[in-house]
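Work through the exercises below with the sequence and the model open. Each task is followed by a solution in steps.

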Amino acid sequence: MAAALAGPASWTARRDRDLVRGLAPALVVLAGLTVVPGIYLVLTSLTPLNLASPGSEWDFSRPLGNYVGMFEDPRFVHSVGVQIKLSVASVVLQLLIGLGVALLLHPNTTVRQLARSWMLVPMVLPPIVVGITWLALFTVDISPIHKFLAWIGLPMAPLLTNASTAIWAIVLAGTWQHFPFAMLMALAALQMVPENPIEAARIDGASRWQVFWHVRLPFIAPTLVVAGLFILIDSVKAFPLIFIMTDGGPGEATEVTNFYVYRQAFSFSLWGYGSAIAVLMMTGVFVLSWVIDRITTRNDGQWS
Amino acid sequence: MTSAWQRRFPHWRGDTVTALLVLLVLFPFFYLIQMSFRPKEDIFGGGFFFSPTLEHYGALWRGNFPFSFVNSVVTASCATVLAMAIGVPAAYSLSRASFGGARQIGLWILVTRMAPPIAFTIPLFIAYRYAGLHDTRTGLVIVYLTFSLALVIWMMKPFFDAVPRQLEEAAAIDGCSTWKTFLTITLPLTAPGLAATAVICFIQSWNDFFFALILTRTQASTAPVAIVGFIQYVGWEWGRMAAAGTLVMMPVVLFSVLVRKYLVRGLAAGSIKG
Amino acid sequence: MSTVSLEGVWKRFGDVVAVRDVGLQLPHGGLTVFLGPSGCGKTTTLRMIAGLESVSEGRILIGERDVTWLDPKDRNIAMVFQNYALYPHKTVAENLGFGLKIRGVAAAEIAARVANASQLLGLADLLERRPKQLSGGQMQRVALGRALVRDAEVFLLDEPLSNLDAKLRVQMREEIYKLHRRIGKSMIYVTHDQIEAMTLADGIVIMRDGVVQQVGSPLEIFDRPTNVYVAGFIGTPEMNLLDMRAAGGNLAGASCIVSAPAGCAIAPDAPLKVGIRPDHVVVVPDSEADSSSGWLEVDVCEHLGTTTLLIGGFDGQRLRVLTPRSNARPGDRLAVRLPADRLHLFDAGSGERIH
């Protein structure tokens with residue numbers, strides 16, 4: 001490429017120049033809208049910025065004050081605990097259910113092909129709509145589910161108002177909403193399992209379960225790992241369901257880290273502190289994204 | 001000994017389970033829709049039969065909701081159009097790039113997609129206040145553009161990767177310049193991908209709640225935020241909430257059914273081929 | 001008179017040298033074949049002539065013009081790709097005419113040239129079809145037609161027949177041969193198949209690891225390979241290459257002596273590779289066995305119908321002998337003679353031809 005400046009350029013060099021011109025606007029926009037706010041976020045995290053106290057945005061006297069304070073803040077630590085519960089439960093449940101439904105929908109009958117489209121509905125609904133629906137379904141006086149359970153003699157206590165069950169109600173709603181993602185990825189991976197090893201296993205006398213465990217599962221495992229990572233990252237962003245269904249409560253029972261930051265910033269105006277937590281979350285997201293990138297690019301090379 | 005019926009429908013057992021499962025899974029969805037048509041007195045009634053009414057939709061229409069709905073349409077559409085215009089050529093460049101750094105850009109885009117919105121809202125909130133973009137549709141479009149752009153590039157790149165380079169070399173020998181090849185040869189071959197990407201992009205912006213909540217108040221509030229407004233009223237206007245919810249989710253459901261084949265790619269950010 | 005010339009052309013991909021110091025002068029109107037195994041640099045060289053790859057060092061000339069830095073579209077070349085590279089969303093007629101359309105040629109002229117080319121290649125009925133409705137052979141002809149319509153100076157073909165099945169390949173080979181005679185333009189044809197090279201080429205360029213091994217007409221290369229590699233590459237069944245040393249005026253193997261060809265000067269005791277084609281080895285009746293013949297311990301008999309290929313041990317090495325139909329069986333011991341005038345002598349170290 002250096003030769004392009006010094007002397008005549010080749011077609012490939014000219015083509016590269018044209019391509020860069022096509023890429024530039026996007027890079028400029030992205031840089032402006034991600035890098036600049038990102039830098040600002042980091043800077044803010046180093047201050048005790050409080051919208052209520054003027055001048056606090058330039059106070060760099062204790063740059064790591066927010067970060068240190070985080071680990072001494074019981075409410076923050078608690079929110080991390082809640083987050084872990086939510087994230088682990090989300091990944092496990094969504095993968096299991098997604099994989100299970102994918103196995104059910106794998107054969108190519110008309111009914112199942114139709115089902116594949118219909119199963120997508122929860123995933124594309126606006127989260128707020130999912131929130132109000134499940135809010136209704138969890139409210140004892142209203143919900144047909146509660147009424148049905150009472151009718152068959154298994155009355156259930158309200159879940160959302162109970163501190164120990166609220167988070168699991170959120171998990172249930174969230175799993176309903178997001179399982180189709182894992183299902184789609186598992187389905188796509190199952191379609192790509194080659195026929196030969198399966199036939200060979202059948203000839204060897206393997207049962208359906210054995211065929212699954214020894215042949216299909218190893219093939220789709222990498223996809224499931226990547227799906228799990230995506231679910232994990234997504235669970236960190238959980239907000240609308242919590243906002244609508246419990247508002248972080250009862251108490252702080254459903255206050256995940258993301259929600260806690262929202263509280264800090266918008267209820268207490270503690271933007272500096274909120275920024276610091278946000279920076280921490282971004283670091284986690286970055287690491288997980290890097291892992292995903294590593295895995296998928298290696299797989300691309302293997303599968304071409 | 002399989003009966004004729006069993007032979008014709010060899011998977012009938014699984015099919016029945018599947019059908020039942022679909023009904024079970026979609027129950028909440030249908031529940032909300034039917035609630036929006038139930039008369040107010042009977043809104044939580046258990047009976048299957050009721051006389052459907054449009055009173056909730058009427059109340060919505062007379063209120064502020066259409067205004068928010070229009071905001072949703074405008075912001076989501078603008079963001080999608082802009083994201084496609086800027087992102088599609090960018091995705092093509094990344095696909096054909098022989099310069100270094102393409103991998104890093106890919107990672108950057110993934111991180112942008114995966115980042116929690118709160119990380120952007122704090123700086124943007126302050127910036128918008130200064131720039132007078134708070135509670136404006138422009139402000140929302142700018143935010144949506146960021147994520148939509150990342151999504152468009154992420155989704156379209158595999159489509160471009162799938163177009164063989166030799167086709168473009170043949171076009172070059174036939175006399176096309178880089179971007180002429182792109183327009184006459186490559187782009188037509190990725191038309192389904194373009195349609196799917198645009199739809200998924202629109203859906204993502206349409207469904208947004210967080211940014212609209214934080215960055216808008218009254219002028220630019222979008223439909224999802226408006227739904228929340230019904231909770232503030234005394235007594236919780238369930239009928240109207242259900243109607244609003246149904247209206248907000250209908251476009252999305254319809255579009256999704258159209259592009260279901262490409263949803264994996266869009267929502268999975270391209271980790272497996274096909 | 002336009003020729004294609006390469007002067008001191010190198011191609012590097014990072015640290016890897018794909019093409020090393022290639023200099024060629026290809027004759028006007030001839031069909032030149034670049035022949036060699038995968039990775040030998042033949043396709044890279046072709047692509048550099050097309051302009052699809054940049055040149056690291058050196059010059060490329062088409063006719064009198066230095067095209068080294070020109071875009072492919074300005075070089076007046078046409079190319080047929082291995083996978084045909086037909087535009088899937090265009091009809092056959094549109095595929096054929098696309099290059100002219102881009103150049104702003106009048107619609108009537110385009111139609112005329114498309115009609116002409118499609119008639120020549122038997123595509124007249126297929127003009128409204130799309131590529132996915134065509135068979136492999138038909139797609140191949142459309143790819144050829146696309147190049148024809150452009151009326152370029154030089155035609156470049158990158159392994160055009162390798163995606164076809166054997167029978168179709170033979171058919172298309174004939175068609176390409178006739179097409180070339182008909183249009184009289186320079187063609188450069190890349191392949192790894194020596195049969196295609198031998199049957200189609202006016203001149204062959206054999207390449208290996210980026211270096212040109214030999215340039216010549218098919219028969220020249222067949223009769224006088226310049227090194228061991230070319231000797232083993234051209235000719236089916238493969239040429240025998242035996243390890244021997246020079247001894248006096250003869251060649252000595254482990255246990256036999258063979259007379260050396262007349263008039264060749266070899267250093268005494270030099271290690272040699274002696275080449276002889278399987279069909280040049282003479283089987284003599286046992287009664288005529290003498291000091292100038294050796295013994296073949298037959299291992300494998302491949303009866304090919306009119307001929308028989310005998311493979312076995314000779315002087316502690318493997319020898320292949322192609323004879324007219326024979327009754328020999330594995331385990332037989334036959335006397336064979338290696339006529340001096342059929343021997344090719346190569347230096348054992350460098351592989352270069354000595355005689």
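## Exercise 1: Chain A alone

From the N terminus on, chain A reads α-α-α-α-α-α-α-α-α-α-α-α-α-α. This is a predicted model, in which local features need pLDDT of at least 70, side-chain atom pairs count only at pLDDT 80 or more, and totals for chains, interfaces and linings use all residues. Residues are numbered from 1 along each chain as its sequence is written, while chains are lettered from A and ligands numbered from 1 in the order in which they are written.

**Task.** State how many helices and strands chain A has, and compare its radius of gyration with that of a compact globule.

**Solution.**
1. Count the elements: chain A has 14 helices and zero strands. Helices (H or I, at least four residues) and strands (E, at least two) are DSSP runs, numbered from the N terminus.
2. Take the radius of gyration over C-alpha atoms; the globule rule is 2.2 Å times the number of residues to the power 0.38. For 304 residues a compact globule would come near 19 Å, but chain A has 25 Å.
3. Set the extents beside this value: the C-alpha trace of chain A spans about 75 × 70 × 30 Å along its principal axes.
4. Check burial, where a residue is buried if 20 or more other C-beta atoms lie within 10 Å of its own, exposed if 12 or fewer, and partly exposed in between, with C-beta atoms placed from the backbone. Of the 304 residues in chain A, 40% are buried.

## Exercise 2: What chain A touches

**Task.** Describe the sides of chain A that touch chain B and chain C.

**Solution.**
1. Fix the contact rule: the C-beta atoms of two residues, placed from the backbone, lie within 7 Å.
2. Start with chain B: 77 residues of chain A and 72 residues of chain B take part in the contact. Helix H2 (residues 11-45) of chain A supplies 18 residues, the largest share of the chain A side.
3. Sort that side by class: 57 residues are nonpolar, 13 polar and seven charged. Here Ala, Val, Leu, Ile, Met, Phe, Trp, Tyr, Cys and Pro count as nonpolar, Asp, Glu, Lys and Arg as charged, and the others, Gly among them, as polar.
4. Turn to chain C: six residues of chain A meet six residues of chain C. The chain A side of this contact has four nonpolar, two polar and no charged residues.

## Exercise 3: Chain B and the largest nonpolar core

**Task.** Find which residues touch the most other members of the largest nonpolar core, and which helix gives the most to it.

**Solution.**
1. Describe chain B: it has 14 helices and zero strands, and 53% of its 274 residues are buried.
2. Look at sequence separation: of the contacts in chain B with a separation of 6 or more, 78% are between residues 24 or more positions apart.
3. Define the core as a set of buried Ala, Val, Leu, Ile, Met, Phe, Trp, Tyr and Cys residues joined through C-beta atoms within 7 Å. The largest such core holds 260 residues, and B:Val152 and B:Ile153 touch the most other members.
4. Name the helix: H7 (residues 137-161) of chain B gives the most, with 17 residues.
5. List the contacts of B:Val152, leaving out residues up to four places away in sequence: B:Ala83, B:Met84, B:Gly87, B:Val88, B:Ala91, B:Thr197 and B:Cys201.

## Exercise 4: Two sheets in chain C

**Task.** Give the strand order and the edge strands of the six-stranded and five-stranded open sheets of chain C.

**Solution.**
1. Begin with the totals: chain C has eight helices and 20 strands, and 40% of its 355 residues are buried.
2. Apply the pairing rule, under which DSSP must find at least two bridges between two strands. The open sheet of six strands runs E6-E7-E8-E3-E9-E10 with mixed pairing. Its edges are strand E6 (77-80) and strand E10 (211-216) of chain C, each pairing on one side only.
3. Inspect one pair inside it: strands E3 (residues 31-35) and E9 (residues 203-208) of chain C run parallel and share four bridges. C:Leu35 stands opposite C:Ile206 in E9.
4. Move to the open sheet of five strands in chain C, ordered E15-E19-E16-E17-E18 with antiparallel pairing. Strand E15 (282-284) and strand E18 (317-324) of chain C each have a single partner strand, so one side of each is left without a neighbour in the sheet.
5. Finish with the pair E17 (residues 307-314) and E18 of chain C, which is antiparallel over eight bridges. In this pair C:Gly312 stands opposite C:Leu319.
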